[in-house]
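Colleague: I have a model open on my screen and would like to learn how to read it. Could you take me through it one feature at a time?

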Amino acid sequence: MGRLNMRLWWACGGVLALFAAGCAEAEDVAPDHLDAVSQPVTLADRIAACAQDPRVVAGLVSQDVCAGAGVFFEETFEGNGRTCGTCHPVANSTTIDVEFVTALDQNSPEDPLFVFRTNPELAELETSDLLEDAAILENVDGFIDSRHRFVSRGVNHVLSLSTSIRADSGDGTTNPPAERTGWGGDGSSDGTLRGFLKDAVKQHFTRSLDRVEGVDFRLPTPAEEDVALAFQLSLGRKNELDLERVRMFDAEAEEGRRAFMDPNRGRCNVCHHNAGANFQDTGNNRNFDTGTRSLGSPLNLGSFEGVGIFDGGFGGRDLPRPDFDSFNSGTPDAFGNGTFNPPPLIEAADTAPHFHNHLQIQSRGQRNINDAVQFYASFSFNNSPAARELEQRFGTPLDLVPLDAAAIARFLRALNATFNVDIAKQRLDAARVLINRFSNTRADVQRRLMELAQVEIDDAIEVMSDPGNPNTMYPSALNQINLARGEIDMGLAASSASERYNRVRNALDRLTTARAQFGEGITFVLGQGNLMY
């Protein structure tokens, strides 16, 4: 199965949805399960199903995380058919990009992501940016005149949220929010990740732009919010690295690590401490104005009283008029204060595009981590408030030279590939445990974990491809990773549980050999949510 086809295949997976027609592969799936998925599913139903889920029975996943995954990937909240997983698919690093959207449109044009084309009531739910740039319409400043007063933004991935959402009170923003959500850090109206679910339902799941609760959607119950929160906080990794102790075994990646941390070269470690999302001095997520708006954006603008408005980032919710002057023109042209919150960088190479407005330095180039790093050598960044803060801190302007920018990008690729391999190993090890304990019972879950491990392997292979660099990154490890992929293919085709077990074990051995070649001091504590889909 091709890389994109596998990603699209996973749109049908889930705790209960795996029983749906076209998705059921388990040897012991009872026919009444097929009827059950067409009926409204309560949280009690999800919890009961999770009590029998082999991942829960084996102690790999808690019942709350399992039920929360069901809410996240399957619950439509009586809306337009979308779920959280519509824009945060597990097999695409929990985000969407142009490649994914284009393929989904070609293969599944009736997918709820495209509901605005089939429902006249929702014709203005999105703009052309969804199909052209994988960016979604957001009424982050409130639903006053929602058809005009909007911003268009890329979709944040939701990996490693437990490490990245604590708000830093030192950046001048208000409290709430106590937790950073969304690109502006204020994506939740109540200031918490738990409360974000309600806002997402009202924004994206509605049956009409009137957004009437009980008519266009139902809001999540407190218990659904609780389990969805537990699931989201269990995605990705649960810890930060210590880059002082990290050593990369690729010479250029190691030079990138040094440049990343050196205040005379990259200065990255100040705002992305240990390649995460937090400010070095506090360990919390601090908003910054990095001048991204100065380079322009391919995305549509909202409007206020017939005049275009820009994305002002943090703040501005429900204000009667724009309050931020984006370009010092003398006239406010945005809602907010111009600041945005940094995303974690360990996952960055795999989750392009890398900015809220999809800006691109090389206008004809590819949106990749190399392009994103080059932004910090641009005039726009060097004249931004964030750059001036760095200059005040270190006494000189940042001078990010091309060699250092390329090395930093390679370092981030190496970190991301290591993360991909670790999640692939986590999923394969879970499949191994399930095969060993349950043999062919619920073999569908085992196979899906194996397939999702392949997705991470494919992602590792992709991010290890450093464009324009003739030196292959970790060539011996890359060979082992490809051999592991082949073992998984044979395991998926295996006719017996014992053969499937042996192929999974062989793939794990290959990945373990590859993983040892990336570096040292790179230890990720992975969350249970990575085993759900």
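Modeller: Gladly. Let's begin with a term: helices and strands here are DSSP runs, numbered from the N terminus. Please keep in mind that this is a predicted model.

Colleague: Thanks. Which helix gives the most to the lining of the largest cavity?

Modeller: That is α17, residues 402-438, which contributes five residues to the lining. In total, 14 residues line this cavity, and S93, L159, I423, R427 and E456 lie nearest its centre. By character, the lining splits into five nonpolar, five polar and four charged residues. The space inside comes to about 90 Å³.

Colleague: How many cavities of 30 Å³ or more are there?

Modeller: The count is three. The second largest has a volume of about 50 Å³. Among the residues lining it are W183, T351, P353 and H358. Its lining has six nonpolar and four polar residues, with no charged ones.

Colleague: Now to helix α7. Which of its residues are buried?

Modeller: Buried means under 20% relative accessible area. In α7, which spans residues 98-107, F100, V101, A103 and L104 are buried. They lie on the same side of α7, because they cover an arc of only 165° around its axis.

Colleague: And the strands? In which sense do β4 and β5 pair?

Modeller: Bridges are what to look for, and the idea is that two strands pair if DSSP finds at least two bridges between them. Strands β4 (residues 302-304) and β5 (residues 307-313) have three bridges and pair in the antiparallel sense. F304 stands opposite V307 of β5. The two strands form a hairpin with two residues between them, and E305 in that turn has a positive phi of about 55°.

Colleague: How many bridges join β5 to β6?

Modeller: Four, and those two strands run parallel, with β6 covering residues 334-339. One bridge partner to find is T339 in β6, which is matched with G313.

Colleague: What should I know about side chains along a strand?

Modeller: In a regular strand, side chains alternate between the two faces of the sheet. For a single case, take D311, which lies in β5.

Colleague: Is D311 buried or exposed?

Modeller: D311 counts as buried because its relative accessible area is 15%, and the cut-off is under 20%.

Colleague: What does the side chain of D311 make a polar contact with?

Modeller: The side chain of R153, at 2.7 Å. In addition, a polar atom of the D311 side chain lies 3.0 Å from the backbone nitrogen of G313, the residue we just met as the partner of T339.

Conventions. Residues numbered from 1 in each chain as written. Predicted model: local features only at pLDDT ≥ 70, side-chain atom pairs only at ≥ 80, totals over all residues. Heavy atoms only, no water. Buried < 20%, exposed > 50% of the residue type's maximum accessible area, 1.4 Å probe, protein only. Arc of directions from axis to C-beta. 1 Å grid on protein atoms, 1.4 Å probe; cavity = no way out; pocket = protein on both sides within 12 Å on 5 of 7 lines; lining within 4 Å. Points joined across faces, edges and corners; volume = space filled by probe spheres on them. Nonpolar A, V, L, I, M, F, W, Y, C, P; charged D, E, K, R; others polar. Polar contact = N/O pair within 3.5 Å; in protein donor to acceptor, adjacent residues only side chain to side chain.
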